[in-house]
Amino acid sequence: ALIVSGSYEFRFTEATAQPETDTDGKPEGWEVVVVGQARNTGDETMAPSVLGSDSVFAVKDPASELTAEPDTAEFGTTGGFTVFDRRHLAPGLPPIDYRVTFKMPPQYQPGTTIRFAVAELGSGRRGRLAPARGRPG
C-alpha cells in the first residue's frame, strides 16, 4: 500500500528479523529491517528523520508490546548488499529502494507480525503514527 506522509511517498513490502550476538555468541538483541521504496514529491532535497523522538518511523511487537525507534535508514539497492552512500531524496524522481533498521532487545521473540508505523507529516502539526504491518522473515 502507498503511504503518503508530507512530501514523502513510501511503499514497504516486507520486514525481517535477525538475531544479533556479541563476539562470544551471547544474544545482544534483534535487528528488524523494514524494506520498501521511498520518494520525495516536494520541491527540496530532504530525507525523513530517523533520529530519536523526531523519527518518522517506529515498530511494535504486538505480542510483547516492545517498541523501537530506527537505528538507521538507507537508500539504494538491497540485493548484493550494495547501498548508495546517499542521505537524502532528490525531489521529483521515481521511488528508490529504502530500508529502515531497528534494534529490538534480546527478550524480543519474532512472530508472524510486527507493527510498523509511519508518522503523518504536514501542515505544522505533530506527527501521528499510522500503523502498517510487516511479516518478519
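Okay, lysine 60: partly exposed, at 29% relative accessible area. Its partner is glutamate 65, and the two side chains meet in a salt bridge, 2.8 Å from N to O. Glutamate 65 is partly exposed as well, with a relative accessible area of 46%. Keep in mind throughout that this is a predicted model.

Right after lysine 60 comes a residue I want to dwell on, aspartate 61. Where does aspartate 61 sit? In the loop between β4, residues 57-60, and β5, residues 67-68. Now, aspartate 61 is buried, and yet has no salt bridge. So which side chain of opposite charge is nearest to aspartate 61, and how far away? That would be arginine 115, and the gap is 8.0 Å. A salt bridge here has to have its nitrogen within 4 Å of the carboxyl oxygen, so arginine 115, at 8.0 Å, doesn't qualify. What does aspartate 61 touch, then, once we leave aside its neighbours within four places in sequence? Leu66, Met104, Tyr108, Gln109, Thr113 and Ile114.

Back to salt bridges, then. By our rule the count is five, and a couple of them share a residue. Lysine 103 pairs with glutamate 20, with the closest N and O atoms 2.8 Å apart. Lysine 103 is in strand β7, residues 96-104, and glutamate 20 is in β2, so this pair ties together parts that are 83 residues apart in sequence. Lysine 103 also forms a salt bridge with glutamate 31, this time with a closest N to O distance of 3.3 Å. Glutamate 31 belongs to strand β3, residues 27-40, so here the parts being tied to β7 are 72 residues apart in sequence. Put together, Glu20, Glu31 and Lys103 are linked in a network of salt bridges. Buried or exposed, you may ask, for lysine 103? Neither, really: lysine 103 is partly exposed at 34%. Glutamate 20 is partly exposed at 24%, and glutamate 31 is partly exposed, also with a value of 24%.

On to the sheet those strands belong to. Five strands make an open, antiparallel sheet, in the order β1-β2-β3-β7-β6. At the edges we have β1, residues 3-5, and β6, residues 70-75, each pairing on one side only. On average, neighbouring strands in this sheet are turned by 35° against each other, ignoring direction. If you zoom in on one edge, β1 pairs with β2, residues 8-21, over three bridges in the antiparallel sense. Isoleucine 3 stands opposite phenylalanine 10 of β2 there.

Zooming out: the chain has nine strands and zero helices. Of its 137 residues, 34% are buried. And if you take contacts with a separation of 6 or more, 62% of them join residues 24 or more positions apart.

Last thing, confidence. The chain averages a pLDDT of 84, and 82% of residues score at least 70. Which element has the highest mean pLDDT, and which the lowest? β4 is highest at 95, and β9, residues 129-134, is lowest at 44. Over residues 123-137 pLDDT is below 50, though the model gives this stretch 43 contacts beyond near neighbours in sequence. Residues 80-84 stay under 50 too, with eight contacts beyond four places in sequence.

Terms used
Residues are numbered from 1 along each chain as its sequence is written. This is a predicted model: local features need pLDDT of at least 70, side-chain atom pairs count only at pLDDT 80 or more; totals for chains, interfaces and linings use all residues. Side-chain values use heavy atoms; hydrogens and water are left out. Helices (H or I, at least four residues) and strands (E, at least two) are DSSP runs, numbered from the N terminus. Buried means under 20% relative accessible area, exposed over 50%, partly exposed in between (1.4 Å probe, protein chains only). Lys and Arg count as positive and Asp and Glu as negative; His and the chain ends are not counted. Contact means heavy atoms within 4.5 Å. Two strands pair if DSSP finds at least two bridges between them. Axes are lines fitted to C-alpha atoms, for helices over the stretch in contact, and angles run from 0 to 180 degrees between N-to-C directions. pLDDT is the predictor's confidence in each residue, from 0 to 100.
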